[in-house]
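Student: I have a structure to go through with you. Could we work from contacts and accessibility?

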Amino acid sequence: MSELRYRLLTGPDDRAFCEKVSEALENGYRLYGSPSLTFNGERVIAAQAVIKDPGDIA
């Protein structure tokens, strides 16, 4: 399966989420826009879009 050009990473705002974003950056994605945060009544949920240029997709 080919890589996606656009991904929206989401999850609780914790170390695991930061590791997910860091891994995407290490795999050639770059941040797209600002992160978003919301509160679901129990915890803060973060979202960050990442993109890859068409020539960088395997």
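Student: Is Lys 52 buried or exposed?
Tutor: This is a predicted model, so treat the values as computed. Buried means under 20% relative accessible area. Lys 52 has a relative accessible area of 4%, so the class is buried.

Student: Which residue forms a salt bridge with Lys 52?
Tutor: Side chains of opposite charge can pair when their charged atoms come close. Lys 52 is in the segment after S3 and the partner is in the segment before S1, 49 residues apart. The N to O distance is 2.8 Å, and the partner of Lys 52 is Glu 3.

Student: Is Glu 3 buried or partly exposed?
Tutor: The cut-offs put partly exposed between 20% and 50%. Glu 3 has a relative accessible area of 31%, so the class is partly exposed.

Student: Which salt bridge partner does Asp 53 have?
Tutor: The N to O distance in this salt bridge is 3.1 Å, and the partner is Arg 30. Asp 53 lies in the segment after S3 and the partner in strand S2, so the pair ties together parts 23 residues apart in sequence. At 41% relative accessibility the partner counts as partly exposed. The residue asked for is Arg 30.

Student: Why are Glu 19 and Arg 15 separated by about one helical turn?
Tutor: Both belong to helix H1, residues 15-26. Their closest N and O atoms are 2.8 Å apart, in a salt bridge. The separation is about one helical turn because the two are four residues apart in H1.

Student: How many residues of strand S2 are buried?
Tutor: Strand S2 covers residues 30-39, 10 residues in number. The strand lies largely in the open, because the number buried is zero.

Student: In S3, what is the bridge partner of Leu 31?
Tutor: S2 and S3 pair in the antiparallel sense, over seven bridges. In S3, the bridge partner of Leu 31 is Val 50.

Student: Which residue has its backbone oxygen 3.5 Å from a polar atom of the Gln 48 side chain?
Tutor: Gln 48 lies in strand S3. Gln 48 is buried, at 5% relative accessible area. Its contacts include Leu 31, Tyr 32 and Gly 33. The backbone oxygen at 3.5 Å belongs to Tyr 32.

Student: What accessible area does the nonpolar patch with Tyr 6 have together?
Tutor: Tyr 6 sits in strand S1 and is partly exposed at 45% relative accessibility. Tyr 6, Leu 8 and Tyr 32 form the patch on the surface, and their accessible area together is about 340 Å².

Methods
Residues numbered from 1 in each chain as written. Predicted model: local features only at pLDDT ≥ 70, side-chain atom pairs only at ≥ 80, totals over all residues. Heavy atoms only, no water. Patch = residues over 30% accessible without salt bridge, like charges linked within 9 Å, V, L, I, M, F, W, Y side chains within 5 Å. Areas by Shrake-Rupley, 256 points an atom, 1.4 Å probe, with all protein chains shown as cover. Salt bridge = Lys/Arg side-chain N within 4 Å of Asp/Glu carboxyl O. Buried < 20%, exposed > 50% of the residue type's maximum accessible area, 1.4 Å probe, protein only. Polar contact = N/O pair within 3.5 Å; in protein donor to acceptor, adjacent residues only side chain to side chain. Contact = heavy atoms within 4.5 Å. Pairing = 2+ DSSP bridges. Lists of a residue's contacts leave out its neighbours within four places in sequence.
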